[in-house]
Amino acid sequence: MSCSPQKPNTNSPLKLWLENKKALNNVLFTMRLHSFPKQSHFQNEPILTPKSNKSQDFILPKFVSDKSSLLSDEILLQILSKLPASQRNSNSLVCKRWLNLQGRLVRSIKLLDWNFLTSGRLFVRFPNLVYVDLVNGSLISPRNSGIFCTHKIVAFYADTHVEPKGAFVCEKFLLPSKEVDLGLKNLANGCPNLRRLVVNNASEMGLLSVAEDCPNLQELELYMCNDQVLRGIAAFQNLQILRLIANVDGFYSSVVSDVGLTILAQGCKRLVKLEMSGCEGSYEGIRAIGQCCQMLEELTFCNHKMEEGWLSALSYCENLKTLKFLSCKTIDMNPWSYEDIGFCPTLERLHLEKCLFHDKDSAKALFIVCQGVREIIFRNCWGLNDDMFSTASYCRRVKFLSIEGCSLLTTAGLEFVLLSWMELQSLQVMSCNRIKDIEISFMLSHLFSNLKDLQWKPDSKSLLSANLAGTGMGKKGTKFFKKTYDWRSLPAMA
């Protein structure tokens, strides 16, 4: 028996495949082709073309001046989204592609030209808008006028011949409701994912068109609204934040009464925040909101024109956490008896800014309603003297107090209230000229030592904050003051 080496199988599939140069060339070409983007942005020639003579030698792509053309729209959008907002304008000037991509990143816009909305260019330029402000775009103001009116709400050019007297914004300076409704209909069709809308002089039909095509709308601001306009509010099923501006002194006037507030309460039962500016109402309207809007957590009154006795209706807001009064000339002219006024059980914050205090009974009723608050803030409140501020002692659970710009309040009036608050932890006193360092008593200084946070600058001559810097007072609590501490030296420090 003899042994001889076995001859290789010449018909092996592997050998046949390796010897077939054309097949190998196609495989390598396909692998190399998959390593490039699907959409080619190279110039003139295809991405790769194999040479006829060499199986693994390919032509390299030609030089491309725009490196970003090698990236897909999705990748380039992710890169542009990481850049700061200050570079948006410069990025959109690079080329038409970047202009279109930058428009897709814009989520909010304030319209200045109404034709930009009605022509449909708004949706082509910015297809992914979720916040649109139409107030300034709905104003018809002469650009060549030398009178420029500004307000917290709007800014526009006014005509030199204005009628009636005392009103800058009248019908000739506003788009008619029909044109505003047509613009709202176009907006609803072009922006179905709209979440926030600010509009002026709209009607019930305009709001209904938005509610029908924009089911995700959560925040709405209505300027120059009235009871009839509020009938369209009921169609917004997911509305959570609502701001009503009915009357703006010197600009325009409209009426929101108990009728509108009742319609609002029955339609917007998922409201979380509600702000009413220049609205007229009474006890019945506020009670309807409290009974129907069970999720309401923040309520703001700005320059309200409520009838007397409305304050006691706040007790129906069982889940209210924040109550704000902004630029209110009065709180309640004639509150009901203190025994029947009730209080808000869950209220935590009371904020009063630029409000006028001229009636002690009204102030007392307010603090009885808010007797469970933990935070109280006063900002530039006129008429807040010691007598008015003493009624704040009804709020026994206050932990944080901030007073700024209240020039009638004295050190004695502040001390009277602070000593009645056993849970006070933080205190801020700024720009109150009648509160003096030298008038700080032993009891008040002892109270300061127990605070976790103290910001004390009642006037420009106050030295207490400078002397306390680095000592730890107001941060260490009672551990800072030892038994041998001379309390009489504290006024000397001031």
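**Exercise 1. The lining of the largest cavity**

By class, how many nonpolar, polar and charged residues does the lining of the largest cavity have?

*Solution.* The structure is a predicted model, and the search of it gives a count of one cavity of 30 Å³ or more. The volume of the largest cavity is about 50 Å³. Its lining is made up of Thr330, Ile331, Asp332, Met333, Leu356, Phe357, His358, Asp359, Ser362 and Ala363. Sorting these residues by class gives five nonpolar, three polar and two charged residues.

**Exercise 2. The whole protein**

Describe the protein as a whole, beginning with its helices and strands and ending with its surface.

*Solution.* The elements come to 17 helices and 17 strands. The protein has 494 residues, and 44% of them count as buried. For the contacts, take those with a separation of 6 or more: residues 24 or more positions apart account for 64% of them. Finally, the accessible surface is about 26700 Å², and carbon and sulfur atoms hold 53% of it.

**Exercise 3. Salt bridges around Arg243**

Find the salt bridges that Arg243 forms with Glu221 and with Glu275, and say where the partners lie in the chain.

*Solution.* A search of the whole structure finds eleven salt bridges. In one of them the side chains of Arg243 and Glu221 meet, with a distance of 3.5 Å from N to O. This pair links distant parts of the chain, since Arg243 belongs to strand S7 (residues 241-245) and Glu221 to strand S6 (residues 219-223), 22 residues apart. Another joins Arg243 to Glu275, where the closest N and O atoms are 3.3 Å apart. Here too distant parts of the chain are linked, with Glu275 in strand S10 and Arg243 in S7, 32 residues apart.

The next step is to ask whether Arg243 and Glu221 are buried or partly exposed. Arg243 has a relative accessible area of 26% and is therefore partly exposed, whereas Glu221, with 7%, is buried, because buried means under 20%. The last step widens the view to a network of salt bridges, in which Arg196, Glu219, Glu221, Arg243 and Glu275 are linked.

**Exercise 4. Lys324 and Glu298**

Work out which strands are joined by the salt bridge between Lys324 and Glu298, and then classify the two residues by their accessibility.

*Solution.* The side chains of Lys324 and Glu298 meet at 3.5 Å, N to O. Lys324 is in strand S12 and Glu298 in strand S11, and the pair, 26 residues apart, links distant parts of the chain. Lys324 has a relative accessibility of 24% and so counts as partly exposed, while Glu298, at 18%, counts as buried.

**Exercise 5. Two helices and their surroundings**

Name the buried residues of helix H12 and of helix H11, and say what lies against them.

*Solution.* Begin with H12 (residues 360-369), where seven of the ten residues are buried, so that the helix is largely enclosed by the rest of the structure. These buried residues are Ser362, Ala363, Ala365, Leu366, Phe367, Ile368 and Val369. Their cover includes S12, S13, strand S14 (375-379) and helix H13 (386-389). Two residues of this list, Ser362 and Ala363, also appear in the lining of the largest cavity.

Continue with H11 (residues 283-292), whose buried residues are Tyr283, Gly285, Ile286, Ala288, Ile289 and Gly290. They pack against helix H10 (258-267), strand S10 (273-277) and strand S11 (298-302).

**Exercise 6. Two loop residues**

Place Asn303 and Ser337 in their loops, and decide for each whether it is buried or partly exposed.

*Solution.* Asn303 is found in the loop between S11 and S12, and its relative accessibility of 13% is why it counts as buried. Once its neighbours within four places in sequence are left aside, the contacts of Asn303 are Asp249, Gly278, Leu326, Ser327, Cys328 and Lys329.

Ser337 lies in the loop between strand S12 (322-326) and strand S13 (349-353). Its relative accessibility is 39%, so Ser337 counts as partly exposed. As a final step, consider Ser312, which is 25 residues from Ser337 along the chain; the C-alpha atoms of these two residues are separated by 9.2 Å.

Terms used: Residues are numbered from 1 along each chain as its sequence is written. This is a predicted model: local features need pLDDT of at least 70, side-chain atom pairs count only at pLDDT 80 or more; totals for chains, interfaces and linings use all residues. Side-chain values use heavy atoms; hydrogens and water are left out. Buried means under 20% relative accessible area, exposed over 50%, partly exposed in between (1.4 Å probe, protein chains only). Helices (H or I, at least four residues) and strands (E, at least two) are DSSP runs, numbered from the N terminus. Contact means heavy atoms within 4.5 Å. On a 1 Å grid over the protein atoms alone, a cavity is a set of points where a 1.4 Å probe fits but cannot get out, and a pocket is an open set with protein on both sides within 12 Å along at least five of seven lines; lining residues have an atom within 4 Å of a point. Grid points are joined across faces, edges and corners, and a volume is the space filled by probe spheres set on the points. Ala, Val, Leu, Ile, Met, Phe, Trp, Tyr, Cys and Pro count as nonpolar, Asp, Glu, Lys and Arg as charged, and the others, Gly among them, as polar. Accessible areas come from the Shrake-Rupley method with a 1.4 Å probe; for residues, only the protein chains shown count as cover. A salt bridge is a side-chain nitrogen of Lys or Arg within 4 Å of a carboxyl oxygen of Asp or Glu.
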